[in-house]
Every structure is written in structure tokens, then in C-alpha cells.
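Student: I am new to this structure and would like a close look at a single part. Please take the charged side chains, and say how they are placed and paired.

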Amino acid sequence: MSTATTTATAKPQPRKPARQKLSLPVVLLIVAGALALISVVRLITGVDDITSVGQVSGSLKLAIPIGLAGLGGLWAERAGVVNIGLEGMMILGTWLGAWAGYQWGPWVGVLFGILGGALGGLLHAVITVTFGVNHIVSGVAINILAVGATRYLSNFAFLKTSGSARKSPTIDPITEITVPGLSDAMKTLNGKHWFLISDLAGFLGGVVTELSLLTVVALLLVPVTWWVLWRTAFGLRLRSCGESPVAAESLGVNVYRYKYLAVIISGGFAGLGGVFLAEVASNFYQEGQTANKGYIGLAAMIFGNWMPGGLAMGAGLFGYTDSLNLRASVTDGTNVHALLLFLVFVLALVALWQLYRKKYVAGVIGAAVSALLLVWYSLTDRVPSQFVTAAPYIATLLVLALSAQRLRAPKAVGLPYHKGGG
């Protein structure tokens, strides 16, 4: 039998259906559904604080540094470099931002914080791109180095001025803006406690009340990142380095240059997140201030499937649960108790979706966990303080577990690359 006959009679292999990307209308529908579900939970539990203006405003402040760290991870991994060192780069950003901020003003501190994170990114690029060291090892080393370096330098910079090597002097606050009229109107509507309308007013009110200018800058960086990486030739070349650096090199792309630029920009984003913690969230530097937000930023990036929009949703979710934790003392923990009922509904919907897709094991597990949480909610009035503290990290694990099946990392991320090695 000839080759032509064999080819003609061979059965074509069925193609796997392409995974559809979430379009903007679908994302908006998901957000609207989540808001409606939160409104139902609020009406059932009577805990109005879960959609209050203060809750949303606090969530935004906590979500911004997580989102900036996630954007840093996105830039690096889209170019093929794993950046576990985001936490260390955030630490450098907090320290340098506070050190420069209390001496020369908050915006100078912002520039120094970005520079500090970028220097950490440059170090990571030299170690991983030029010398080919394992990316995880390099990132962990930078995290350790950042902690030791800032602790050592604090003895010289802050001990005499603030009386403690663990804390900097107070930094002048960055200007905050409140949209006149709209802010008061949203607060009034939120106080009515109407279904969905008051909840939507609470979310809008939190965005237009006492909003730091640095928050505005950080929010704008999400669409800017999308435009640069997906709508410019520079972004196309950078992403090609993370998908197939050998193919990119064959087309004339200087892979080393783009990896260096991506990791330095990554560090700059992380440094900006650190400055935000020092100058907006607290107005001073304090040792341990980042509280693992660099790692949570990586989790937000993975949840967002290495896309800016999904990353922003993940950061918002983590910031919201963290804000519930901080406001638990005001609400006596009832807001986190209400979160249990929200998780019951979410897991029940996920279980039904898995059963509809004939994934019976995942569906049964989801239904069982949902039932256990419902029993816990029904038998208690409050949750233990330990659970309140762990709520943001539990949310991180749940989100990653639920989103694992739809994730697709850049193909060459974390793989060694040598020029001319293709």
C-alpha cells in the first residue's frame, strides 16, 4: 500500500475543543451574579456591613498591593521568568519608599520605592537570565536578602529618628479625593439596606470616597498592562519569549533584553505595591509590613489565568476577605460568619455545575463541603477568631482549587534559555 493511500484512508484525529476565553460581557455577568448573591446573604443574615462603604473602601486599600504584586508576576511570567522574589521586592519598596518619603515627600518616596523593587528585579534577572540559576532558588534568596538588608539598614535610618529600628517616622499622606455629591448619595442609598440597590451603592461609594491618588494610578495600571502586552509589538515580542524563546530568537527578537525588561518592570510593580503599604495603608514603614502579600499576589495572578482582568478580580476577592478579617473586631465577627453562608451558596452552585458536566466526583465533594459549611453556619452565631485570621488564606486555597482546571501558564515559563541553544 502506498504512502498516499495510507494517508487518504487514515482517520483524522478529533481535535479537542478550544477553551473559550471569558469575554467582557461574561465577566460582567459573573460580577453581577456575585453581587446579587452577596445581597441575598446580607438580607438573610442581617449583617449589613458586608456591603458597606467602609467595607468596600477597606477592601480596595488591601487589594491594591496584592494586585500590584500580581501585575509584577504577570510581566515576569509572560516573559518566561518565575518571580517568587516579589515578596522581597515589595519589602525593598516599603523600606526605600518610607525612607525617602518622610524626608522628601510621599511622591519622592513612590519613586524610590519603585526603584528599590526594580533593583530587586534586576538582581533576579541577572541571576536567572544571565547565569541560569533556578528561578525558585533565586526568588527565595532575594526574599531572604531583602528581609536581612532592610533590618540592618533600619538600625541606621530609623533608630534615632523614630526611636525604633522596626518602624519609620510618619510619612505625609498622599492626597485623597472624594467625588462631591456622588459619595454622599451612595452612602445614603447604602443606608437604606434595599436589595441589590443598596449593595451596589455600597460598592460604588467605596470607590468614590477618600480615594488616594496612588490608588487611581494603580487601578489605571491594569488596563495599561493589558494594552501594552496584548496590543503593541513590544508586548507581542515579550510574550513570545514566554511561549517559545527559541522561535522568538529565530525571528530576530533579543530574548535576553526582553526578559531583563520584563523582570525589572515586574520588580517595579512589586516595589510600588510596597510603597502603597507604607504611604497609603499606614503612613509609615514597619517591619513585616508586607505580610506575604507578594505570595498572595502570585496566587491572584494564577487565579486570573495570567490575564490582567482576571488578576484584578482575584486581588479584589483576597482584599475583600482580608478586609472582613480587619473589620471583625467592629462587627464582633458576624461579617465572617455571614461569609460562611456565601461560601455555602458558591460551593453548591459549583457542585451543580460539575454534576451538569458529568464530573460526579468533583460535584459530590463540592456538595458535601457545602453541606458541612451549612451545618457549621446553622449551629453557630460566630466563628472562632483563628478562622477569622485565616479567612484570606483559606480563600486563596479555595480559589486556586476551583480554578485549577482552566489554567494555562506560558509554555516556557521557568525553563532555562541559552542564546543559540535552539
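Tutor: What follows goes from the whole chain to the salt bridges, then to two buried charged residues and the largest cavity.

The model is predicted. The protein has 19 helices and 2 strands, and of its 422 residues 47% are buried. Among contacts between residues at least 6 apart in sequence, 79% join residues at least 24 apart.

Side chains of opposite charge can pair when their charged atoms come close. There are 6 salt bridges in the structure. One of them joins Arg408 and Glu243, with 2.9 Å from N to O. Arg408 lies in the segment after helix 19 (385–403) and Glu243 in helix 11 (residues 233–243), so this pair ties together parts 165 residues apart in sequence. Arg408 is partly exposed, at 41% relative accessibility, and Glu243 is also partly exposed, with a relative accessible area of 23%.

Another salt bridge is made by the side chains of Glu287 and Arg151, at 3.1 Å from N to O. This pair, too, links distant parts of the chain: Glu287 is in the loop between helix 13 (255–281) and helix 14, Arg151 is in helix 6 (residues 135–157), and 136 residues separate them. Both partners count as partly exposed, Glu287 with a relative accessible area of 22% and Arg151 at 43% relative accessibility.

Arg42 forms a salt bridge with Asp48, and their closest N and O atoms are 3.3 Å apart. Here one partner, Arg42, is buried, with a relative accessible area of 2%, while Asp48 is partly exposed at 29%. Salt bridges with shared partners join Arg42, Asp48 and Asp199 into one network.

Now take a charged residue without such a partner. Lys293 is in helix 14 (residues 293–303). Lys293 is buried yet has no salt bridge. The nearest side chain of opposite charge belongs to Asp322 and is 4.0 Å away. Apart from residues up to four places away in sequence, Lys293 touches Pro65, Ile66, Ala69, Glu87, Met90, Leu277 and Asp322.

Glu77 is a second buried case, and the place to look is helix 3. Its relative accessible area is 7%, which is under 20%, so Glu77 counts as buried. Leaving aside neighbours within four places in sequence, Glu77 is in contact with Val82, Asn83, Leu298, Met301, Trp306, Pro410 and Val413. The C-alpha atoms of Glu77 and Lys411 are 9.9 Å apart, although these positions lie 334 residues apart along the chain.

Helix 3 also leads to the cavity. Rolling a probe the size of a water molecule over the atoms shows where empty space is left. The structure holds 1 cavity of 30 Å³ or more, and about 70 Å³ of space lies in the largest cavity. Helix 3 (53–78) and strand 2 (211–212) each supply at least two residues of its lining, and the largest share, 3 residues, comes from helix 3. The lining divides into 3 nonpolar, 5 polar and 3 charged residues. Among the lining residues are Lys61, Glu176 and Glu210, together with Ser57, Leu60, Thr209 and Val280.

To sum up, charged residues appear here in salt bridges such as that of Arg408 and Glu243, as the buried Lys293 with no salt bridge, and in the lining of the largest cavity.

Methods:
Residues are numbered from 1 along each chain as its sequence is written. This is a predicted model: local features need pLDDT of at least 70, side-chain atom pairs count only at pLDDT 80 or more; totals for chains, interfaces and linings use all residues. Side-chain values use heavy atoms; hydrogens and water are left out. On a 1 Å grid over the protein atoms alone, a cavity is a set of points where a 1.4 Å probe fits but cannot get out, and a pocket is an open set with protein on both sides within 12 Å along at least five of seven lines; lining residues have an atom within 4 Å of a point. Grid points are joined across faces, edges and corners, and a volume is the space filled by probe spheres set on the points. Helices (H or I, at least four residues) and strands (E, at least two) are DSSP runs, numbered from the N terminus. Ala, Val, Leu, Ile, Met, Phe, Trp, Tyr, Cys and Pro count as nonpolar, Asp, Glu, Lys and Arg as charged, and the others, Gly among them, as polar. Buried means under 20% relative accessible area, exposed over 50%, partly exposed in between (1.4 Å probe, protein chains only). Lys and Arg count as positive and Asp and Glu as negative; His and the chain ends are not counted. Contact means heavy atoms within 4.5 Å.
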